[in-house]
Amino acid sequence: MASYKKTMNMFQTAFPMKADLPVNEPKRLQKWNDMGLYWKVLEKNKDGKPFVLHDGPPYANGPIHVGHAFNKILKDFVVKSHAQRGYYTPYVPGWDCHGQPIEHMVETTLGKEKMAQISQPELRKLCHEWATKYVGVQRDGFKRLGVNADWEHPYLTYHHNFETADVEIFKEMYLNGSVYRGRKPIHWCANCHTALAEAEIEYGNEVSPSIYVKFYFTEMPAAFAAAAAAAGYADAKNAVVIWTTTPWTLPANQAVSLAPEADYVVAIVDGELLVMAQELSDAVAKVAGWEDVTFLQENGETLTFKGTALEKCVYVHPVLDGDTGTIITGTHVTLDTGTGAVHTAPGHGVDDYKVCQFNGIKEIKMPVDDEGRFYAGSCLWEGMTTDEANPKIIEWLGEQGSLIAHVDINHSYPHCWRCHKPVIFRATTQWFVSMDETGLRNKAVEAIENQVKWIPEWSHNRIGAMVSERPDWCISRQRSWGVPIPVFSCADCGEIVANEETFDAVIDLFDKEGADAWFIRQPSEYLPESVCCPKCGGKHLQPEKDILDVWWESGVSHVGVLKHRANEGLTWPADMYLEGSDQHRGWFQSSLLTSVGAYGVPPYKSVMHCGFVVDENGEKMSKSKGNGVDPADICNKFGADVLRLWVASVDFSHDVRLGDNIIKQVSDAYRKFRNSIRFMLSNVVDFDDVNDAVTDWNDLEPIDQYMMVKTARLAEEVTAAYEEYSFNGVYRLAYDFINDTSSIYMDVIKDRLYSEAADSKRRRAAQTVLMNVIEVLVRILAPILTFTTDEAWENYPEAALNREGRPVSVQLAGWPERADFVPALPENAEEIADSFEALLEVRDVVTKELENARVAGTMKKSQEAAVQVIAPAATLDALKAYDQAVFADLFIVSAVTFAEGEELGAIVSVAEGEKCPRCWNVTTLGGNVKYPGVCKRCGDVLELIGYVEE
């Protein structure tokens, strides 16, 4: 039997089935770097509308983790999808190089002994070196992911022109009254010896001692004195019962707060009169173990009085001999737990501080030092840490007879984000941004509600609530590595010295020498001679020792980058900020407050957040659990494009799962994309899209026309998905398209592609469609499968590759538009495609029956089948619009007939005729006299190519 394999159109593309991404992606990265692809994209789009995504700076203190990769790949999707559509997209990556995380790593490396001996300038030098090292490590990690950026010119927060931005914003906000110095309670980490902002706090469960304590009045309050006398308790000891979970704060007690309009009662217990909220009295009695509690009566009824009735009453301090406290009222007191009487220590709580200030208690007690220990002489527990003092205080209260009950509780408690140890509230002198003095809170909320697009839309509620409820922002830190608070104090009288003249001098100093100069140079060396203390006229000025909060530093990046580098095409405000959901309380918020505080407007037009990466079980990844996923491992085993495809496949606005099983599933999906692209490229190897393309719509077969419309729809739907930042929508649209195309269109046209004459119109029509599909797919997938689409672009047909002016990368190839299709789609193209859907419904029915026949052993291949389609009259009328040969091709069978019936169905039988040894269709052989052993179509092709049988 003759072999016809060589007569078939079976071409091979250089685009391999095996991607070998771990090996080939680094080579492509080098190629992009050598050609300056990032700059070529900018040059191509230089006249396009700018779109600036401003990069949030990660800490330069270790290799990148999968959360970094997730975030950076999302940003690359945003930037590339805009660049591909013609936007001018400069993208400057950045790193947060200052702050406690880096200083902590240097301290850990040095050890405590060396750390205690090192000078501040030397420590700053080591921190600079550490940060620089990991900027390089992380940059290599991000580049490996295929992220396009100005990697050689990143912004680093220790750059001189960035450090000046810290002072520029501080100057504006200090001079307009937003920044002030004050003494108030803030989160304090005794382990790290520094103040912490809200954004530096994480919450975890802690077991704390819950205690109920009697605070004895110095004299019986008038609110119940008469009733007590009438009941025979005129000389009874009397007290208010407080509840607290922080016994160590009792030495700092200055007041007890009651709910002003709540009803209070007086319980009679062991001859003592104890005041508590009526609503909580049963709960207090239960925890205290009191049975059959009686309450002070008046006129036969339980005596009640409002919290305001006890205002200004004085009690004996619970732990400080000879000291007293005052009863006050406050709206912060709730009746959901406790006693309705709140132990109030303004040095250890924000609400306590506020209510005391409102009630005229201005002086704040603070018996706890920087290390969380009680000062010498402050109380009986001097020298102890707060944790050490807790059980001692409880024991002492029991000995004094003032402890009613002690129950340990498990509750949520604030922890330091760096050392993860519990923090305390502690009043210290710090620098703050006022949320209300200049109306910053209201302005920021208004910006959130009306000036910024939030993605997803519901996220504005989250940041809005945080800004509405947040306290003043503590911006000073007691560390060495950072930008200093740019103010001075008079060495003679202690007055703060800060004005426009001093700020401008510091800006000039930092611009020339950087913030290190602050710790080396004397103020007299760079301040104008005219600068002096406004109070005493003194010239001896001391620079502030505290540094700025790192959230302030990253928060001013809109100035340090967008404004300072505007000559590079960056715009202010940015078009987008994109970071993790935790940044609603971090960078999103600090950027908003510094921008609105200094300039009155937000620094961004839109904000998009992403969730966290968790393991396959939904649990947080951690080293201790061993459930982390290293992006480098994925790149080395599967390739960065597989990781990128995973990012595209998930709903980024929520926490996303990742693990071995998930990445393997995504790898299977990647192979589906790759193999489909390979099939198309293999079948256009001999195609010249200029000279061979079918340019007349009517020369396309019905399924070709349908496929053209389907591809145009894909381009438009994907465009809309990108515009909405629905990357999982892009993934789903493209994946479903590939699945449908490979299972229907590619399957149907194989006979045409392989068996028709190479230059036949039928084959060229199919190649024309495939070329349109390829042109769309590589462009719309370029932001996601950035390596693979570029590889496909380089393996186009030779005619396309050799065409003058062809872009060197798919990233320079632009975006597909319906008007670009060849042949052009007619006005009624959508109607044509919709009509063809009826044929696909019939095909589904036929395919099912063919499979049943294969399973039954009736036949091995569909080409051996003859099909009778049974359908209602209306359906048959619709099908008559198509030539009968269309159905044989569509069903991939040898013969199709039709019959009327009530329901759509199909009958499959073995086709009559012989199997053509060339195309394998069952038909009548011998139609061409020269080649009687094959069907007429194949004989004509053999004659055309001059085939000589061996």
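**Helix packing and sheet pairing**

Helix 22 covers residues 702–723, and its 22 residues should span 32 Å at 1.5 Å a residue; the end C-alpha atoms are 32 Å apart, so the two values agree. The model is predicted. Two helix pairs, two open sheets and a set of antiparallel strand pairings are described below.

**Helix 22 and its partner**

- Just after helix 22, Y725 has a positive phi of about 60°.
- Helix 22 packs against helix 24 (residues 761–780) with the axes 10 Å apart and an angle of about 5° between them.
- Since angles under 35 degrees count as roughly parallel, helix 22 is roughly parallel to helix 24.
- On the helix 22 side the contact residues are D704, M707, M708, T711, L714, A715, V718 and Y722.
- Helix 24 meets them with A765, A766, V769, N772, V773, V776, L777 and I780.
- By class, this contact of helix 22 with helix 24 holds 13 nonpolar residues, two polar and one charged.

**Helix 12 and helix 18**

- Helix 12 (residues 440–450) and helix 18 (residues 587–599) have axes that come within 10 Å and cross at roughly 115°.
- The two helices, 12 and 18, are therefore roughly perpendicular to each other.
- The crossing of helix 12 past helix 18 is right-handed.
- Helix 12 contributes L440, K443, A444, A447 and I448 to the contact, while helix 18 contributes L592, L593, V596 and G597.
- Seven nonpolar residues, one polar and one charged make up the contact of helix 12 with helix 18.

**The four-strand parallel sheet**

- Four strands form an open sheet with parallel pairing, in the order 1-27-28-20.
- Strand 1 (53–54) and strand 20 (453–455) are the edge strands, each pairing on one side only.
- Three bridges link strand 20 to strand 28 (residues 606–610) in the parallel sense.
- W454 has V607 of strand 28 as its bridge partner.
- Helix 18 also packs on this sheet, where it touches strand 1, strand 27 (576–580) and strand 28.
- The direction of helix 18 makes about 145° with that of strand 27.

**Antiparallel pairings of strand 6**

- Strands of a sheet pair through backbone hydrogen bonds, either parallel or antiparallel.
- Strand 6 (residues 201–216) runs antiparallel to strand 18 (residues 403–416), and 13 bridges join them.
- The bridge partner of E206 in strand 18 is H411.
- Strand 6 is also antiparallel to strand 7 (residues 238–244), to which six bridges join it.
- F215 stands opposite V240 of strand 7.

**The three-strand mixed sheet**

- Three strands form another open sheet, in the order 32-31-33, and its pairing is mixed.
- Its edge strands are strand 32 (895–900) and strand 33 (905–910), each of which pairs on one side only.
- On average, neighbouring strands of this sheet are turned by 20° against each other, direction ignored.
- Strand 31 (residues 865–871) pairs with strand 32 in the parallel sense over six bridges.
- V869 has F898 as its bridge partner in strand 32.
- Helix 27 (residues 829–856) packs on the sheet, touching strand 31 and strand 33, and its direction makes about 40° with that of strand 33.
- Helix 29 (residues 884–891) lies across strand 31 and strand 32, and runs at about 110° to strand 32.

Technical notes:
Residues numbered from 1 in each chain as written. Predicted model: local features only at pLDDT ≥ 70, side-chain atom pairs only at ≥ 80, totals over all residues. Heavy atoms only, no water. Expected span 1.5 Å × (residues − 1). Axes fitted to C-alpha atoms, helices over the stretch in contact; angles between N-to-C directions. Parallel < 35°, antiparallel > 145°, perpendicular 65-115°, else oblique. Left-handed = near helix turned anticlockwise from the far one by under 90°. Contact = heavy atoms within 4.5 Å. Nonpolar A, V, L, I, M, F, W, Y, C, P; charged D, E, K, R; others polar. Pairing = 2+ DSSP bridges.
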